[in-house]
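Let's take a walk through a protein model together, starting inside and working outwards. Have a look at the structure first, then read on.

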Amino acid sequence: VVSVDDDSVNNGQIHSNGLLINTTTLTSNGAIANAGTLSNSGSVINNGSLSNTGSLANTGMMTNSGGMTNTGTISNSGIFSNAGTFNNTGDVLASSIGVTGGGSVNNTGTIIGTDDTGVRLEAGGVLTNSSSGFIQGGIFGVQVASGGTVVNAGTILDDAIAGLALGSQASLTNSGVIGGVIGLQFTGQDASAINSGTIYGTGGIAVQFGSGANALTLTTGSVVNGDIDGGYGAGQITLAGSGILASQLANFGAGSRLSIVEKAVWRASGTWTIGSVMNAGTLQPGAAGSALQVKGDFIQTAGGTLQVAVNAAGESSQLQVSGSATLDGTLSVLAANGTYNTSTAYSVISSTSLTGEFSSVKTDLAFLTPQVTYNPNGVTLTLTTGRKPVDFSSAASTTNEHNVAVAVQAGGEDTTLYQAVLGQSIEGARSAFNMLSGEAYASVTTALLDDSRAVPKTMLNRLRQQTYGAAAGESAALGTGEASTVTSGSESTTSTVITWAEAFGGRGKIRNDGNAASLSHDRSGFMTGMDARFGQDWRAGAAAGYTSSSLTLSERTSFADVDTYNLGLYAGRAFGRVTLRLGGAVSWSHVDMGRLVSFPSFEDALISQYDARTAQMFGEMGYGFVWKGVAMEPFAGLSRVHQTRGAAQEQGGDAALNVQSATTDTTYSTLGLRSASRWIFSNGVRLVPRMTLGWQHAFGDLNQASYMTLTSTGNSFKVNGVLLARDAGVVELGLDWKVRDEIKVGLSYQGTLSKNAQDHAVTGVFSWVF
């Protein structure tokens with residue numbers, strides 16, 4: 001325990017971990033570090049450094065003219081005067097005023113003045129309240145005298161008068177929260193406040209101007225909850241950045257002004273009683289159906305924009321000026337989507353007197369033209385189709401959009417679809433045309449053609465398995481990784497009948513080609529068959545199977561589920577090292593299609609069912625040989641696919657389509673190389689790695705088209721789906737593990753890769769002969 005009972009001066013260091021008591025005057029020119037308890041009922045004067053990490057109780061006078069740091073707790077029922085630098089990360093709890101003086105206060109902790117003020121800055125003082133800082137007072141949160149500076153990113157509150165009172169020539173930069181009965185109160189003149197945070201007043205007034213010419217700037221992020229009272233002075237309000245101001249402005253006197261600066265964008269409503277409003281940025285006077293009342297004068301400069309919101313019901317933003325309105329710059333029309341009449345008038349400005357005109361008028365609507373008329377007391381905006389016929393196709397950016405636009409326009413002004421498109425923006429119109437297009441029908445045809453390759457692949461795999469499966473030496477490796485088989489009879493006899501099955505699956509995506517949207521498709525299925533020898537050289541059989549596919553065009557909110565049943569015949573024989581494989585297949589598909597036609601102010605759910613038939617003939621020739629222990633087969637394949645799609649009639653509303661039947665013919669050629677090898681280990685385990693690389697070229701009908709008729713209007717149009725890949729790489733990588741003669745495990749990847757389309761499949765095989 002150290003007790004100072006007489007005046008003392010410290011020019012060295014005092015370190016206290018216990019109890020330090022001062023009842024007289026302790027002047028420190030050195031350093032005081034308190035980690036215990038410091039109790040002052042006299043006077044402590046710090047001209048050096050004072051650090052409190054413990055508890056400091058002041059009932060007397062504590063003066064800081066040096067540097068003081070608090071990370072502990074200061075209990076103050078006396079006076080704490082700061083003329084130096086006070087850094088607080090702890091707690092300052094005062095019965096009256098937390099901290100007073102003209103020094104610098106840096107707060108990241110808590111400062112509370114229960115009965116009076118949290119922080120009272122004297123002339124020239126500086127307060128920095130960080131994002132974690134909290135200051136509260138019973139009367140004022142913070143009081144700032146002449147020339148003081150406050151930078152607030154934290155919270156400042158009061159319980160009686162104002163969160164922050166700003167004196168003459170003082171400045172405030174607020175990105176935090178200031179609240180109280182009044183949030184911000186100007187108590188002098190020539191003070192300035194910049195706000196990007198929140199200011200609120202529980203008594204209804206968020207900002208109270210005084211009789212002087214003070215300035216408030218609201219920037220991006222500003223939230224003002226409560227009114228702004230002008231105090232009958234010449235207050236200046238500046239709107240910078242962007243935001244919404246819903247506060248009432250009242251009681252401003254002569255010389256007062258609100259300015260929207262260049263590049264600022266603000267929306268406001270309510271009543272502004274202020275000397276004048278000058279707009280050099282963008283001002284929107286409320287939403288459609290609401291108004292901004294300016295009880296003063298309104299001036300728009302050449303660089304300013306008055307933005308009015310309108311809707312199809314005839315409602316608009318309104319600027320109501322009780323003084324004079326002087327116009328220049330731009331009138332911008334922000335139109336809601338909807339079903340507009342061919343001509344709709346809106347009163348957008350009313351005033352006691354009107355001078356000047358807008359130099360330009362613009363709108364985001366694609367097909368309605370804005371026309372402006374002026375009278376001595378206001379401005380009327382009319383949205384009209386104009387004298388020239390509406391050209392929906394002028395908004396189109398793709399062939400599909402253009403074709404749909406022409407069909408919708410041909411339906412006439414009295415149709416629902418025409419009216420739904422008429423009130424769209426450029427982007428809204430394009431969305432409408434794409435959603436109405438029904439391009440999913442053409443794209444599903446593309447996907448069915450792409451997926452049809454799985455059927456001949458399984459039968460060709462079976463023929464290749466038969467060719468090489470019983471071969472001697474390394475060539476046998478080319479017959480692995482394919483269908484599981486069950487043999488009846490002996491392989492060496494001509495009457496051998498083999499039953500086989502192969503499951504397959506995969507996932508693919510055909511990308512947006514700049515006209516039609518991307519399509520994703522998943523498929524799974526199986527083929528099973530039976531074949532036997534005919535004569536000495538031929539092997540022939542039949543196969544059947546089922547495929548389930550799911551297709552999605554997310555950009556067009558369209559989907560299809562497809563069930564396909566397959567039948568096929570195949571045959572093959574070897575001519576020495578050359579092997580010929582042939583076949584044909586027919587597939588019957590049933591398609592359940594669903595579309596959600598949704599664009600601004602329009603929605604229609606549609607469903608349909610239709611059938612498709614795919615017939616194909618295919619052949620492949622390969623030449624097998626062994627090179628340096630690796631079995632290889634260069635091969636060439638050719639397939640011809642003919643598909644017939646039945647007609648479809650959608651069930652739904654005005655966007656429903658009648659889809660015509662269609663046929664398409666596509667040919668695929670493939671050149672490639674298969675290779676495989678066998679690795680036999682000392683424990684009898686055998687691994688068979690295999691690989692196929694090839695080039696697939698498609699020709700014929702690669703860009704599938706569908707011809708549609710809008711059921712509600714009878715107008716027809718043509719759309720194209722996603723493109724089939726003209727050239728693609730074919731890749732297969734696999735590894736078989738023959739654990740013992742009767743057990744085999746295999747894993748393989750098959751991919752078809754091109755610039756605009758990809759198809760991937762992974763297959764696992766487990767075979768156990770018993």
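## Strands side by side

Phe140 has Ala162, in strand 26, as its bridge partner. Before going further, a word on the ground rules: this is a predicted model, where local features need pLDDT of at least 70 and side-chain atom pairs count only at pLDDT 80 or more, while totals for chains, interfaces and linings use all residues. Residues are numbered from 1 along each chain as its sequence is written, and side-chain values use heavy atoms, with hydrogens and water left out.

Helices (H or I, at least four residues) and strands (E, at least two) are DSSP runs, numbered from the N terminus. Two strands pair if DSSP finds at least two bridges between them. Strand 26 has two such partners here: strand 23 (residues 140-144) pairs with strand 26 in the parallel sense over four bridges, and strand 28 (residues 177-186) also pairs with strand 26 in the parallel sense over four bridges. In that second pairing, Leu164 stands opposite Leu184 of strand 28.

Is strand 26 enclosed or open? Five of the five residues of strand 26 (residues 162-166) are buried, so the strand is largely enclosed by the rest of the structure. Buried means under 20% relative accessible area, exposed means over 50%, and partly exposed is in between (1.4 Å probe, protein chains only).

## The nonpolar cores

A nonpolar core is a set of buried Ala, Val, Leu, Ile, Met, Phe, Trp, Tyr and Cys residues joined through side-chain atoms within 4.5 Å. The largest one has 128 residues, and Leu164, Leu166, Leu184, Trp272 and Phe392 touch the most other members. Another core, of 12 residues, lies apart from it, with Ala454, Val455, Ala543 and Tyr570 among them. In soluble globular proteins, nonpolar side chains tend to be buried together.

Now zoom in on Leu184. Contact means heavy atoms within 4.5 Å. Leaving aside neighbours within four places in sequence, the contacts of Leu184 include Leu164, Leu166, Leu172 and Ile199.

Thr100, in strand 17 (residues 97-101), is buried too, with a relative accessible area of 15%. Not counting residues up to four places away in sequence, Thr100 touches Ile79, Phe80, Ser81, Asn82, Arg120 and Glu122.

## A helix with buried residues

Next comes helix 3 (residues 426-436), where the buried residues include Gly428, Ala429, Ala432 and Phe433. What do the buried residues of helix 3 pack against? They pack against helix 1 (399-410), helix 2 (416-422), strand 53, strand 58 (657-659) and strand 63 (716-723). Just after helix 3, Gly438 takes a positive phi of about 65°.

## Charged pairs

Side chains of opposite charge can pair when their charged atoms come close. A salt bridge is a side-chain nitrogen of Lys or Arg within 4 Å of a carboxyl oxygen of Asp or Glu, and the structure holds 17 salt bridges. Here are three of them.

| Salt bridge | N to O distance |
|---|---|
| Arg539 and Asp531 | 2.8 Å |
| Arg595 and Glu650 | 2.8 Å |
| Arg674 and Glu633 | 2.7 Å |

Arg674 lies in strand 59 (residues 662-676) and Glu633 in strand 56 (residues 630-645), so this pair ties together parts that are 41 residues apart in sequence. Both Arg674 and Glu633 are buried, and they belong to a network of salt bridges that links them with Arg581 and Glu620. Arg595 and Glu650 are both buried as well, and so are Arg539 and Asp531.

## Out towards the surface

Leu582 sits in strand 53 (residues 578-599) and counts as partly exposed, at 36% relative accessibility. Together with Phe534, Trp538 and Phe575, Leu582 makes a nonpolar surface patch of about 390 Å². Patches are made of residues with over 30% relative accessible area and no salt bridge, with like charges joined within 9 Å and nonpolar side chains (Val, Leu, Ile, Met, Phe, Trp, Tyr) within 5 Å. Accessible areas come from the Shrake-Rupley method with a 1.4 Å probe, and for residues only the protein chains shown count as cover.

Leu693, in strand 61 (residues 686-700), is partly exposed at 45% relative accessibility. The C-alpha atoms of Leu693 and Asp227 are separated by 74 Å, with their places 466 residues apart along the chain.
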